[in-house]
Amino acid sequence: MTRYLPAFGLFLALGLATGIGPAAVSAAERWATEQFFRVEAEPVVKGNRTVISGYVYNLHYSNAKVRLETDTLDAGGKVIATTTGYVDNVVPVRGRTYFAYPVGMTGASYKTVVIWYDWIDENRGNLIRWNR
């Protein structure tokens, strides 16, 4: 196995140098997250830190783990900082989960979106097949 390690390192270095890797989130993926989730968030000042807190609503029929991203915006609406936030609990089927995490920079406004999700189960409801 160690004889392949230098080749893997070379492959990794070439991928990073040429920009091959995770691409920006496509419009279809943003549509999917907006279709499956709704985020209500607001900034709360705690001491000298700003914390984004709120709820993630699951509009789908499966439990989910999600990761959030908050853009800090200046008065003109330009993004001046981005912070990734983790939701510690599972977002239940057709339910909501509370989240709170600090942002790196204070701004005029904030925009929070779901950037990653994973379905925990394939619970599509209790479908009963009737045999007549």
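Is Arg67 buried, partly exposed or exposed, and what is its relative accessibility? In this predicted model, Arg67 counts as partly exposed because its relative accessibility is 28%, which falls between the 20% and 50% limits. The residue belongs to strand S3, a stretch that covers residues 64-73. Once sequence neighbours within four places are set aside, the contacts of Arg67 are with Thr84, Gly85, Tyr86, Val113, Val114, Ile115 and Trp116. Among these partners, Thr84, Gly85 and Tyr86 fall in strand S4, residues 79-86, whereas Val113, Val114, Ile115 and Trp116 fall in strand S6, residues 109-119. A further relation concerns Asp88: its C-alpha atom is separated from that of Arg67 by 9.1 Å, with the two positions 21 residues apart along the chain.

Several of the partners of Arg67 reappear at the surface. Val113, Ile115 and Trp116 make a nonpolar surface patch of about 220 Å². Trp116, located in strand S6, has a relative accessibility of 36% and is therefore classed as partly exposed. Arg67 is in contact with each of these three patch residues.

Strand S4 also holds Ala81. Unlike the partly exposed Arg67, Ala81 has a relative accessible area of 18%, so it is buried, the limit being under 20%. Beyond residues up to four places away in sequence, Ala81 touches Thr70, Asp71, Thr72 and Met105. Of these, Thr70 lies eleven residues from Ala81 along the chain, and the two C-alpha atoms are separated by 8.3 Å. Thr70, Asp71 and Thr72 are within the span of strand S3, residues 64-73.

The loop leading into strand S3 offers another buried position. His60 sits between strand S2 (49-58) and strand S3 (64-73). Its relative accessible area is 11%, and His60 is therefore buried despite its place in a loop. The His60 side chain reaches the backbone nitrogen of Ser62 at a distance of 3.4 Å.

Finally, what turns up when the whole structure is searched for salt bridges? The search finds one, and it joins Arg38 to Glu40, with 2.5 Å between the closest N and O atoms. In general, side chains of opposite charge can pair when their charged atoms come close. Both partners count as partly exposed, because the relative accessible area is 37% for Arg38 and 38% for Glu40.

Conventions:
Residues numbered from 1 in each chain as written. Predicted model: local features only at pLDDT ≥ 70, side-chain atom pairs only at ≥ 80, totals over all residues. Heavy atoms only, no water. Helix = DSSP H or I, 4+ residues; strand = E, 2+ residues; numbered from the N terminus. Buried < 20%, exposed > 50% of the residue type's maximum accessible area, 1.4 Å probe, protein only. Contact = heavy atoms within 4.5 Å. Polar contact = N/O pair within 3.5 Å; in protein donor to acceptor, adjacent residues only side chain to side chain. Patch = residues over 30% accessible without salt bridge, like charges linked within 9 Å, V, L, I, M, F, W, Y side chains within 5 Å. Areas by Shrake-Rupley, 256 points an atom, 1.4 Å probe, with all protein chains shown as cover. Salt bridge = Lys/Arg side-chain N within 4 Å of Asp/Glu carboxyl O.
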